[in-house]
Amino acid sequence: MPAPPTPPPGRLGRLADVAFRRRRTVVLAWLAVLVAAIGLGPVVAGEWSADYSTPGSESQQAAQRLADGFPERSADTVDVVWRDADGAASPEARERIAPLLAQAQRLEGIGRGVTLDDAQRSPDGTTGIVRLQLTEQPGALPETTGERLLELREAARAPGLEVALAGQVIESAEQGGLSSEAIGVLIAALVLLLTFGSAVAAGLPLVTALFGVGVSATLIGALAAVMDVPDWGEQVAAMIGIGVGIDYALLVVTRFRHALDAGASPHAAVVEAVGTAGRSVVVAGTTVVISMLGLFLMGLPYLRGVAVSTSLGVLVVMAASLTLLPAMLGALGPKVHRLRVPGTRRAPRDPSTTLAARWSRAVQRRPRAAVALGVAVLVALAAPVAGMRIGFPDAGSQPEGTSARTAYDMTAQAFGAGAAGPLLAVAAVDGPEDRAALARVADRLERAPGVASVAPPAYAADGRTAVLAVQSDGSPQDEETKALIDRLRDGVLAQAPLPVELGGATAQVVDQSSATSSRLPLFIGGVIGLSVLLLLAAFRSVAVPLKAAAMNLLSIGAAYGIVSLVADGGALGQLVGIDTETPVPPFIPVMMFAILFGLSMDYEVFLMSRVREEHLAGRSAGEAVTEGVARTARVITAAAAIMVAVFGAFVLSDQVVLKLIGVGLATAVLIDATVVRMVVVPAVMGLLGERGWWMPRWLDRLVPRTELEPPAPVPSPA
């Protein structure tokens, strides 16, 4: 009987040892935490909210002046739009729309005091629109408000009378069906079954990830009580948590099974798995957290909530992978191989004979050609990013047939494309002279090129604040509208004899796009710099972290190019339900960079940790690369397939924002796991040879040594 391998030393090995010896206590403790989290979730949860304004911008100043002067007025509305061939004021229209307005204003979160007399009618008299002000943020309204509004809409419709509602509340209420997370988990389960060939082994990563996401969901809910977290932030955190949780557990379970197959005892196998694969989990997870927290450098309040909530999700699943999972593995032992799936086969005992090993050798025989081909593919995929339009999608990007899309189309046809998102010129007035001056400003605005109309000024109760609703010729997401905002600010409003700021949702997008562009270099530099330092400490190599940063930038650029193509609304966009040209919200490229840079480092760490182990064990640089690719190809392929499934499932969401994020993340992971990890990285490491592991002595002394450095592998028994 061969002797079991000696467990690798270090804190992770000792942590695994404790988890194995106290496995029942650890599992029961996690169960107790999960039950407590589920029970306390509704009690401690705050309300989802987000401030999409840009600190210090003109649109934020306008919003603040508007809030001070009109405290009862919210920036968000529910638009009631109707069209009747007999006229928007026909007896039938009045008979059906008046009760809708009255009952809608009794719902929680809907302001009062609006009647049919406040309706705006189209020039031909057939279409009417009434805007109901919200008293709270859309994310803070109960779901029943949106659902009841849609019911009132259905009751008001009649032959010859078309009624539609628009607004964020309506868009949220129209979303439904099986959750994207559930679909992603189902596909991930299938991938795990095919990878492990055992239902027991496949179930462990799923259980680990679901424990982590279940606990972190309560923490994120509590976080929303103390800081702004947008409603979609929870979904992004769940998406990342499920993906990395399954990936990290997959890595540990794979290493555990290999140790068992090599003759190790369950105890030694658990310690070895956590002591080796656990290091990869720590490095990869820390890189994701660094990338997400880098969002703080953007200076946008709502991104801070997304950064902290996603980081919480990653940290919890990391903890579960390093404690709960080893405890479950210790309890199962050899039973982890049970419930074999018919038709699947175990990984070969000699990885050097696999297709991945032969592929690595072939790439290293012609490394220059492989690098050139891989980089050419990445650059070609990234090329469309030059045409990416930045902005927030309006209701015109919603699926056809929805109430929000119908209301948008009716409004645009009757009142012009700009009616869906008017600009708001907010002025401070003090006495009759300022009112007369504001009237002259309104006249100049109405005569400005690109302005369709200007509504009469609305004055606050104290008479010291006034607001002009300015409708542009183009839609809120048109480039012409952005140019109009710049012209008005630099021209008419800059020359006004009283303080006037131009705001509104469309102006907020323009300001945020400018702020994002100015802060992007700081954000990218900060994330790359910290990640390079982490990998420098982990691998004791100059070339490995620099190569990783360069390759990640190329794969992220390729993902940006795919997102740009999808957002164009062409054949590729229609495959995911985007049938019209849609601008990309300014936060999406930023969020994609933060998420993808961290996740790309996951695969870099998975692969290079094994290559480093083999190199420390005495193999040459080329042999270490071949052995590392051979031993991790199956894991990286499965991990990437799971990530693609989890992220790709978000294209089924009705929210355009989540569609674009899902497409970008899924394609980036696919590109990174194939073109980058299987072609470019082996080729580059083959070109570098032993120089790939060079580090000057002075730098080696400066960089602290930590347990993140992969140890030499434990020799397998004969």
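**Exercise 1. Decide whether Ala633 counts as buried or exposed, and work out what surrounds it.**

Step 1. Ala633 has a relative accessibility of 8%. The cut-off for buried is under 20% relative accessible area, so Ala633 counts as buried. Keep in mind that we're working on a predicted model here.

Step 2. Now place the residue: Ala633 sits in helix H21.

Step 3. Skip the neighbours within four places in sequence and list what's left. Ala633 is then in contact with Ala356 and Met678.

Step 4. For a distance check, take Thr674. Ala633 and Thr674 are 41 residues apart in sequence, with 9.9 Å between their C-alpha atoms.

**Exercise 2. Do the same for Gly648: which accessibility class does it fall in, and what does it touch?**

Step 1. Gly648 also belongs to helix H21.

Step 2. Its relative accessible area is 23%. Buried needs under 20% and exposed needs over 50%, so Gly648 lands in the partly exposed class.

Step 3. Leaving out residues up to four places away in sequence, Gly648 touches Met643, Gly662 and Ala666.

Step 4. Leu660 gives a C-alpha check: Gly648 is 12 residues from it in sequence and 9.9 Å from it in space.

**Exercise 3. Find the largest nonpolar core and say which helix gives the largest share of it.**

Step 1. The largest nonpolar core holds 156 residues. Those with the most contacts inside it are Val236, Leu303, Leu329, Met608, Phe647 and Leu660.

Step 2. Helix H22 (residues 656–688) provides the largest share of this core, at 21 residues.

Step 3. Zoom in on Phe647. With neighbours within four places in sequence set aside, Phe647 is in contact with Met239, Ile240, Leu599, Gly662, Leu665, Ala666 and Val669.

Step 4. Apart from the largest core there is another one, of 28 residues, and Leu101, Ile110, Leu149 and Ile170 are among them.

**Exercise 4. How many cavities of 30 Å³ or more are there, and what lines them?**

Step 1. The count comes to two.

Step 2. The largest cavity has about 140 Å³ of space. Its lining has 14 residues, and Leu251, Arg255, Phe606, Arg610 and Thr632 lie nearest the centre.

Step 3. Map that lining onto elements. Helix H9 (231–261), helix H10 (266–293), helix H20 (587–616) and helix H21 (621–648) each give two or more residues to it.

Step 4. Sort by class: the lining of the largest cavity has four nonpolar, six polar and four charged residues.

Step 5. On to the second largest cavity, at about 40 Å³. Its lining includes Gly387, Met388, Arg389, Asp568 and Pro583, and by class it has four nonpolar, three polar and three charged residues.

**Exercise 5. What is unusual about the phi of Arg540, and where does this residue lie?**

Step 1. Most residues other than glycine have a negative phi.

Step 2. The phi of Arg540 is near 50 degrees, a positive value in a residue other than glycine.

Step 3. Arg540 is in the loop between helix H17 (505–539) and helix H18 (543–567). Its relative accessibility is 4%, so Arg540 counts as buried.

**Exercise 6. Describe the surroundings of Ser216: which backbone oxygen does its side chain reach?**

Step 1. Ser216 lies in helix H8 (residues 199–223) and is buried, with a relative accessible area of 5%.

Step 2. Its side chain reaches the backbone oxygen of Val213 at 3.1 Å.

Step 3. Not counting residues up to four places away in sequence, Ser216 touches Leu312, Gly313 and Val316.

How values were computed
Residues numbered from 1 in each chain as written. Predicted model: local features only at pLDDT ≥ 70, side-chain atom pairs only at ≥ 80, totals over all residues. Heavy atoms only, no water. 1 Å grid on protein atoms, 1.4 Å probe; cavity = no way out; pocket = protein on both sides within 12 Å on 5 of 7 lines; lining within 4 Å. Points joined across faces, edges and corners; volume = space filled by probe spheres on them. Helix = DSSP H or I, 4+ residues; strand = E, 2+ residues; numbered from the N terminus. Nonpolar A, V, L, I, M, F, W, Y, C, P; charged D, E, K, R; others polar. Core = buried A, V, L, I, M, F, W, Y, C linked by side-chain atoms within 4.5 Å. Buried < 20%, exposed > 50% of the residue type's maximum accessible area, 1.4 Å probe, protein only. Contact = heavy atoms within 4.5 Å. Polar contact = N/O pair within 3.5 Å; in protein donor to acceptor, adjacent residues only side chain to side chain.
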